[in-house]
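Colleague: Could you take a close look at the salt bridges in this model? Please set them in the context of the whole chain, and add what you can on the residues around them.

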Amino acid sequence: MQKTIIITGGAGFIGSHVVREFVKKYPHYRIINIDALTYAGNLENLRDIEREANYFFVKADITDAAHILSIFQEYQPDGVIHLAAESHVDRSITNPTAFVMTNVIGTVNLLNAAKEIWKDNYEGKRFHHVSTDEVFGALGDTGLFAEDTKYDPHSPYSASKASSDHFVRAYHDTYGLPIVLTNCSNNYGPNHFPEKLIPLCIHNILHGKPLPIYGDGKYTRDWLFVIDHAKAIDLVFHQGKNGDSYNVGGFNEWQNIDLVKELCKQMDEKLGRPAGTADQLITYVKDRPGHDLRYAIDASKINEELGYKPSVTFEQGLSITIDWFLNNEEWLNHVTSGDYRKYYEEQYR
Ligand code: NAD
Ligand code: DAU
């Protein structure tokens with residue numbers, strides 16, 4: 001069936017994989033990528049599909065309500081997949097207001113635009129909000145986040161995402177807007193911006209720079225390959241139950257220090273360096289304020305109800321990721337020039 005789908009944040013890390021998945025898998029859909037092209041948005045991520053007949057790009061800031069409404073009026077989308085966000089926890093600690101503007105106000109602007117053009121006729125319509133496991137707060141040594149785990153965000157980033165989740169549900173409960181949510185764990189893969197742990201370490205190993213480990217390195221994250229997140233979004237967008245949320249993860253927990261050591265091992269092998277070379281770059285640095293101890297997703301609902309299963313193991317995904325960065329040094333050089341250097345100096349001085 002012919003459909004028009006707006007994907008926000010499609011020039012970013014996860015958004016670019018979602019755009020590619022939809023453009024390629026659904027040639028009969030019109031895919032409209034709305035992105036403000038902040039420091040994290042990069043059209044180079046979409047070079048391979050930018051000439052496809054069913055792909056359109058519109059540069060727009062989701063905090064600009066009038067512009068967003070005019071785009072919705074022009075394209076008349078049947079669906080919205082909303083990924084645009086300020087996404088880095090450390091940046092939210094230094095500049096929380098930017099996170100309220102994009103993640104909260106921007107989301108409300110999109111909800112208003114969808115409500116306005118759909119005008120209470122919701123047949124065949126869907127607003128999919130892409131969120132994070134960080135809204136649930138931090139786990140101790142045991143337990144998993146389920147869909148009904150109480151929200152308990154700690155960072156300005158997770159507080160802004162929690163707020164946006166509440167608004168999405170409120171528009172469903174109050175106005176009947178057809179919605180679905182996904183709350184995913186940490187992603188990794190090609191095109192990951194090198195402010196985040198894995199690509200930052202890959203970049204620093206390549207350049208012989210310190211690998212900064214916050215605190216004691218015992219913090220735990222649950223890692224999922226980005227293309228498997230894009231596939232989960234496709235599944236939930238098309239088959240998820242109206243009003244429901246789905247946790248997405250790969251049952252793949254790693255303490256940061258073990259993960260970085262694994263990365264060092266694989267990088268040494270791929271670069272033909274003696275074992276233990278990259279390990280010597282590991283440097284313990286000041287902890288992140290309010291650092292959440294552990295995230296871990298119970299993904300049984302999406303697995304059992306929608307038959308979701310990640311396509312790669314962590315070992316395979318990490319190997320694909322490292323190879324991508326080694327083969328795309330030009331991409332890495334572009335995104336680490338200019339503003340990135342200033343950010344890096346301030347964050348790690
Ligand atoms: P990212 O920072 O790589 O990309 C964000 C994109 O949004 C960029 O292209 C940027 O230009 C765009 N953007 C930012 N502000 C905008 C604005 N005001 N108007 C329009 N576009 C704007 O983020 P990501 O890691 O790809 O995350 C995408 C989404 O997935 C976010 O909503 C994030 O909360 C969520 N998420 C991320 C992860 C993860 O591990 N990265 C895990 C779970 C959920
Ligand atoms: O859980 C999902 C979330 O994962 C997403 O919602 C966020 O958008 C995404 O950025 C990510 O958040 P994290 O804070 O978990 O990711 P980050 O890569 O920044 O950090 C991963 C872990 O590594 C975390 O415990 C902090 C630690 N860390 C991070 C950096 C950047 C370090 O020890 N050193 C570092 O230099």
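Modeller: Start with the contacts. Among contacts in the protein chain with a separation of 6 or more, 82% join residues 24 or more positions apart. Keep in mind that this is a predicted model. The chain has 12 helices and 12 strands. Its radius of gyration is 20 Å, close to the 20 Å that the globule rule gives for 349 residues, so the chain is as compact as a globular protein of that length. Along the principal axes, the C-alpha trace spans about 60 × 45 × 40 Å. Of the 349 residues, 56% count as buried. The accessible surface comes to about 14700 Å², and carbon and sulfur atoms hold 49% of that.

Now the charges. The chain carries 34 positive and 47 negative charges. Their mean positions lie 2 Å apart. The structure holds 13 salt bridges.

Take K25 and D234 as the main case. Their side chains meet in a salt bridge, at 2.6 Å from N to O. K25 lies in helix 1, residues 13–25, and D234 in helix 7, residues 226–239, so the pair ties together parts that are 209 residues apart in sequence. Are the two partners buried or exposed? K25 counts as partly exposed, because its relative accessibility is 45%. D234 is buried, with a relative accessible area of 5%. The cut-off for buried is under 20%, and the 5% of D234 falls in that class.

Two other bridges can be set beside this one. E50 and R47 pair through their side chains at 3.0 Å, N to O. E50 is partly exposed, at 30% relative accessibility. E116 and K119 form another salt bridge, with 3.1 Å from N to O. Here E116 is partly exposed at 36%. Its partner K119 counts as exposed, at 57% relative accessibility.

Salt bridges can also be linked. R91, E195 and K196 form a network of them.

Two more residues round off the picture. The first topic is Q347. Q347 lies in helix 12, which covers residues 339–348. What does Q347 contact, leaving aside its neighbours within four places in sequence? The answer is D90 and Y214. Q347 and D90 are 257 residues apart in sequence, yet 8.0 Å apart in space, C-alpha to C-alpha. Q347 is partly exposed, with a relative accessible area of 26%.

The other topic is H192. H192 sits in the loop between strand 7, 186–188, and helix 6, 197–206. H192 is buried, with a relative accessible area of 5%. Not counting residues up to four places away in sequence, H192 touches F13, N187, P199, F325 and W331. F13 belongs to helix 1, residues 13–25, and P199 to helix 6, 197–206. N187 falls in strand 7, 186–188.

Back to your request. On the model, begin with K25 and D234, the pair at 2.6 Å. Follow K25 along helix 1 and D234 along helix 7. Then turn to the network of R91, E195 and K196. From there, go on to E50 with R47, and to E116 with K119. These are among the 13 salt bridges that the structure holds.

Definitions and conventions: Residues are numbered from 1 along each chain as its sequence is written. Chains are lettered from A and ligands numbered from 1 in the order in which they are written. This is a predicted model: local features need pLDDT of at least 70, side-chain atom pairs count only at pLDDT 80 or more; totals for chains, interfaces and linings use all residues. Side-chain values use heavy atoms; hydrogens and water are left out. A salt bridge is a side-chain nitrogen of Lys or Arg within 4 Å of a carboxyl oxygen of Asp or Glu. Helices (H or I, at least four residues) and strands (E, at least two) are DSSP runs, numbered from the N terminus. Buried means under 20% relative accessible area, exposed over 50%, partly exposed in between (1.4 Å probe, protein chains only). The radius of gyration is taken over C-alpha atoms; the globule rule is 2.2 Å times the number of residues to the power 0.38. Contact means heavy atoms within 4.5 Å. Accessible areas come from the Shrake-Rupley method with a 1.4 Å probe; for residues, only the protein chains shown count as cover. Lys and Arg count as positive and Asp and Glu as negative; His and the chain ends are not counted. The place of a charge is taken as NZ of Lys, CZ of Arg, CG of Asp or CD of Glu.
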